[in-house]
Amino acid sequence: MEKSEKLFQRAKAVIPGGVNSPVRAFKAVDGTPPYIAGAQGCYIYDVDGNEYVDFVCSWGPMILGHAHPQVIQAVQEATTRGTSFGANCEIEVKMAEFIVDAMPSIEKVRMVSSGTEATMSAIRLARAYTDRPKIVKFEGCYHGHADSFLSKAGSGAMTFGIPGTPGVTPATAGDTLNAQYNDLDSVEQLIEENKDQIAAIIVEPVAGNMGVVLPQENFLQGLRDITTEHGIVLIFDEVITGFRLGLGGAQQLFGVLPDLTTLGKIIGGGLPVGAFGGKKEIMDLLAPEGPVYQAGTLSGNPLALTAGYETLSILSEQGFYEKLNARAEKFFNNVEENFKEAGLACTANHIGSMACFFFTDGPVTDYHSAARSDTALFAKYFEGMLKGGIYLAPSQFEASFISAAHSQDALARTLDVHRKVLQSLK
Ligand code: KE4
């Protein structure tokens, strides 16, 4: 890891923490983060020539695997025509029509350049639509780093949020209420205590940022019923689940339609993209149609949308998700079986091609049960897997992903290393 170590030292001199996003610093695990020289299919390669089977997949976007030839070729071709115009392009219309057609609740959609921009804009829109100030999120869910979301549950009776990080004002944090995932009573209580104050409830329909936590029976439908009853905008943050769980995302899989949906990751095919969309009557409040201002220099960037549109076209091919999900399910079940054989506590939460193996007895249904995980043991496991050429998310509280490029050989190789590392942990 010599070259990575040298690069990390140089990086720390000129980039805060040496990284452009905190999770990459490997703070929750030990060792130096490998510097990636390139990637192909399900493999990534670091600057020291090490090869890894990649289960981070750039935190979700790379559902086809890295450097898919059709995507690369389309982007290369688009690049020859220029990279950004700050003007309308046909690919923006094609992308919007694709998303409207694929996502059951989306009638109109606007492109932005990150998931954070999508969720930040959706919240502003919901506040304008309802003329109410507060939002409800769920502890353990992550919606990007806009101030409204960096609020944590106040202690005890305080239902209003307090800043989750310096730099967020108490006034801003105070407009964010924190409920418990899979706990409709906690939502009802907040609504009771903040009558006619709540503009929106934003939820990851399958949580992917406290590890993977699935919605329990009636949780999502319950949120739909409560928000309809109280005139609250229901926002599904499908930045991870959108086009991951299927062409219609979690909302199609669970049959629950939100008022607004946020997207990102996969729709950019690895280039910077986000989107938010939903009911026409809400979306048409956005400038220049309506009074709610929102904008972006690179929104709808032709290269990013070319990568995303090419990716989505391949995802639409007959049988794509059936094949991916069947392979993923078999692999995840083998992983869980190996934990049992090794006699190690593990809760395997997975759906489609996303999973998390919590180092704790289950069930893991919310932030507090996820937080019981043995993160020290996870760090040892992570280190052993990395040494064995398996690249996992460097935190217990993230999702692992399988791509269409994860071959049976790569998965078999992963299970071999996994079994050996589990034995070393006993
Ligand atoms: P970005 O601004 O990072 O593109 O998206 C924010 C976001 C919004 N909503 C959900 C459900 C998300 O998962 C994310 C970002 N996810 C993290 C990984 N869990 C990004 C990784 C990172 O922060 O480096």
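Which residues lie nearest the centre of the largest cavity? In this predicted model, they are Cys-356, Phe-357, Tyr-381, Leu-392 and Ser-400, part of a lining made up of 19 residues. A search through the whole structure turns up 1 cavity of 30 Å³ or more, and the space inside the largest cavity comes to about 230 Å³. Several helices and a strand help to wall it in: helix 11 (320-342), strand 14 (354-358), helix 13 (375-387) and helix 14 (408-425) each contribute at least two residues to the lining. Sorted by class, that lining holds 13 nonpolar residues, 5 polar ones and just 1 charged.

The ligand comes next. It is surrounded by 16 residues, and the closest of these are Ser-21, Thr-116, Asn-209, Asp-237 and Glu-398. Two of the closest residues, Thr-116 and Asp-237, turn up again when individual atom pairs are examined. In the case of Thr-116, an N or O atom of the side chain sits 2.7 Å from an oxygen atom of the ligand. For Asp-237, a side-chain N or O atom is 2.7 Å from a nitrogen atom of the ligand. Gly-115 takes part through its backbone instead, with a polar atom there lying 3.0 Å from a ligand oxygen. As for how much of the ligand is covered, the ligand on its own would expose 530 Å², and the protein buries 84% of that.

The make-up of the shell around the ligand can be described in the same way as a lining: 5 of its residues are nonpolar, 7 are polar and 4 are charged. These residues do not come from a single domain, since domain 1 (1-55 + 374-420) and domain 2 (76-315) each give at least three residues to the shell.

Then there is the second largest pocket, which holds about 730 Å³ of space. Two elements give two or more residues to the lining of this pocket, namely helix 3 (90-102) and strand 4 (108-112). The lining counts 31 residues in total, and those nearest the centre of the pocket are Asn-88, Glu-92, Val-109, Arg-110 and Met-111. Broken down by class, the lining of the second largest pocket has 16 nonpolar, 9 polar and 6 charged residues.

Methods
Residues numbered from 1 in each chain as written. Predicted model: local features only at pLDDT ≥ 70, side-chain atom pairs only at ≥ 80, totals over all residues. Heavy atoms only, no water. 1 Å grid on protein atoms, 1.4 Å probe; cavity = no way out; pocket = protein on both sides within 12 Å on 5 of 7 lines; lining within 4 Å. Points joined across faces, edges and corners; volume = space filled by probe spheres on them. Helix = DSSP H or I, 4+ residues; strand = E, 2+ residues; numbered from the N terminus. Nonpolar A, V, L, I, M, F, W, Y, C, P; charged D, E, K, R; others polar. Near = heavy atom within 4 Å. Polar contact = N/O pair within 3.5 Å; in protein donor to acceptor, adjacent residues only side chain to side chain. Areas by Shrake-Rupley, 256 points an atom, 1.4 Å probe, with all protein chains shown as cover. Domains from an automatic or database assignment.
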